[in-house]
Amino acid sequence: MRRDSDTVSFVGLGYVGLCTATVMASKGIRIIGVDVDERRIEQLRKGLPPFHEPQLQSMLKAALRKKRMEFTTDASQVVDADSIFITVGTPSNRDGSIDLTYVKKATQDVGSAIAASPSYHLVVVKSTVTPGTTADVVRPVLEASSEKNCGPDLGLCSNPEFLAEGSAIKGTLSPDKIVIGSIDAKSGGTLSKLYRRIYQKIKVPTILTNPTTAETIKYASNAFLATRVSTINTIANICQRVPNADVETVAKAIGLDPRIGPLYLKAGPGYGGSCFHKDLQALISFSRSRNYEPILLTAVEEANQRQATEIVNLSKRLLGSLDNRRIAVLGLAFKKDTDDMREAASLRVIDELLKNGARVSAYDPMALENARRILGDKVELMPNAISCLKGADCCIVMTEWDEFRKLKPSDYKLSMNAPNIVDARRITKRDDFDGFNYLAVGLGTSS
Ligand code: UGA
């Protein structure tokens with residue numbers, strides 16, 4: 001591939017790297033994608049993404065047809081691009097702190113790749129990293145491995161992402177903001193120019209700041225969102241204990257206050273996914289390393305953990321002891337439209353059901369393969385909702401899949417051993433379930 005100012009490299013082709021790269025390719029940018037996983041690279045060359053994301057596969061295939069994307073395990077090839085994005089994972093250490101091993105390795109590979117290059121290169125840290133990482137960890141590793149100093153010949157920016165699974169492509173095509181934390185004006189200007197090229201037709205608010213503030217924005221965003229979820233779940237748990245109170249109406253009303261806003265106020269079984277728990281733990285650990293105990297954030301996490309117990313307690317209210325009772329769990333993914341089960345609330349609920357001696361059958365429209373890997377034979381995985389419900393003493397609706405919204409009360413009644421329903425996602429209406437023992441998160445029992 002010829003060297004070109006409209007070529008961008010990505011090191012790390014996970015969720016963020018692949019979705020961002022594919023959208024850039026759709027805007028005419030040439031992409032060199034690097035990953036250490038050979039099998040992943042082989043699959044990507046065939047146009048097969050390693051995870052499910054709406055629109056991704058078709059856009060990937062279109063980009064490959066136009067020869068706009070190349071995939072390789074050879075990191076030295078990043079030198080063909082002016083802008084090089086680091087999009088590797090940042091997992092947790094055992095104590096919750098951030099593990100920067102992959103970020104350091106990727107930085108070193110990039111530095112070695114550009115060491116002999118006479119051109120200006122901009123390195124962009126898109127991985128989620130704790131405040132100060134770009135300046136204090138990435139910069140020294142990059143300078144040592146490239147034998148260049150950051151400045152006129154070598155640019156460096158932090159550029160966090162805010163994609164949510166299931167809407168990553170849509171979100172990348174029209175982001176609500178771009179955050180650029182640059183070490184100098186040239187770095188910031190180069191990245192701004194690249195984004196102007198990508199978003200020619202739309203105006204995206206852009207925050208220009210330093211790398212450390214940019215990194216903090218990412219954690220603040222996830223901390224705030226997680227706090228909203230734990231707050232509405234706390235209100236839901238209170239509603240459950242008050243006859244006739246309903247968290248749905250509470251959320252609708254408070255959402256009309258412009259200081260609160262309507263989004264992200266859905267009570268449920270607790271947040272899951274690869275980011276919130278990991279990022280909150282990293283932020284908590286980071287704060288402690290700075291001698292600050294972030295009690296609000298630890299409470300948000302604790303409330304989230306306990307939310308699973310709240311859901312299991314609803315089933316206990318219907319059944320009494322769960323010992324040897326058969327519970328049907330509808331939905332395993334951490335939210336709808338994904339096969340991702342990382343940190344899913346379903347896992348915490350299933351764990352607690354099993355501890356209480358229940359027998360669990362489970363079904364998910366997309367996550368069965370991941371469930372088999374994670375849960376093994378601890379639960380009976382069923383091929384569809386009806387077989388999952390068969391013979392169950394109670395059903396817990398765990399994920400808000402559209403498929404489950406379409407189930408009729410008769411589907412439950414005809415299949416189940418007893419008509420006991422716990423709706424942990426509020427996708428059903430109590431009034432439709434006449435003749436059932438029905439409980440839902442945040443819904444006080446009618447008196
Ligand atoms: C989240 C953020 O929304 C993204 O902005 C961020 O970029 C991303 O993490 C990340 O750091 O990579 P994601 O994990 O894909 O995105 O999922 P969300 O749609 O935010 O949902 C997270 C969890 O909160 C889910 O389990 C969801 O069911 C739950 N949730 C969300 C609620 O229980 N109630 C709500 O009102 C909203």
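In this predicted model, helix H8, which spans residues 211–240, packs against helix H9, residues 247–254, at an angle of about 135°, and the axes of the two helices are 9 Å apart. Because angles that are neither under 35 degrees, nor over 145, nor from 65 to 115 count as oblique, H8 is described as oblique to H9. The crossing in which H8 passes H9 is right-handed. On the H8 side the contact is formed by Ile232, Ile235, Ala236 and Cys239, which meet Val247, Val250, Ala251 and Ile254 of H9. Sorted by class, the contact of H8 with H9 holds 8 nonpolar residues, with no polar and no charged ones.

Helix H8 also packs against helix H10, residues 276–289, where the axes come within 9 Å and cross at roughly 115°. Here H8 passes its partner H10 in a left-handed crossing. The residues that H8 brings to this contact are Lys218, Tyr219, Asn222, Ala223, Leu225 and Ala226, and they meet Phe276, Asp279, Leu280, Ala282 and Leu283 in H10. By class, the residues of the contact of H8 with H10 divide into 8 nonpolar, 1 polar and 2 charged.

A further helix pair is formed by H1, residues 15–26, and H3, residues 56–65, whose axes come within 9 Å and cross at roughly 50°. That angle makes H1 oblique to H3, and the crossing of the two helices is left-handed. From H1 the contact draws on Leu18, Cys19, Thr22, Val23, Ala25 and Ser26, while H3 supplies Leu56, Met59, Leu60 and Ala63. The contact of H1 with H3 has 8 nonpolar and 2 polar residues, and no charged residues.

The model also contains a ligand, which 20 residues surround, the closest being Leu163, Glu165, Lys218, Tyr264 and Cys275. Lys218 of H8, listed here among the closest residues to the ligand, also takes part in the contact of H8 with H10. Asn222, another H8 residue that meets H10, has an N or O atom in its side chain 2.8 Å from an oxygen atom of the ligand. The table lists this pair together with those made by Leu265 and Lys335.

| Residue | Polar atom of the residue | Ligand atom | Distance |
|---|---|---|---|
| Asn222 | side-chain N or O atom | oxygen atom | 2.8 Å |
| Leu265 | polar backbone atom | oxygen atom | 3.3 Å |
| Lys335 | polar side-chain atom | oxygen atom | 2.8 Å |

Leu265 therefore appears in the table through its backbone, with a distance within the 3.5 Å that defines a polar contact.

Definitions and conventions:
Residues numbered from 1 in each chain as written. Predicted model: local features only at pLDDT ≥ 70, side-chain atom pairs only at ≥ 80, totals over all residues. Heavy atoms only, no water. Axes fitted to C-alpha atoms, helices over the stretch in contact; angles between N-to-C directions. Helix = DSSP H or I, 4+ residues; strand = E, 2+ residues; numbered from the N terminus. Left-handed = near helix turned anticlockwise from the far one by under 90°. Contact = heavy atoms within 4.5 Å. Nonpolar A, V, L, I, M, F, W, Y, C, P; charged D, E, K, R; others polar. Near = heavy atom within 4 Å. Polar contact = N/O pair within 3.5 Å; in protein donor to acceptor, adjacent residues only side chain to side chain.
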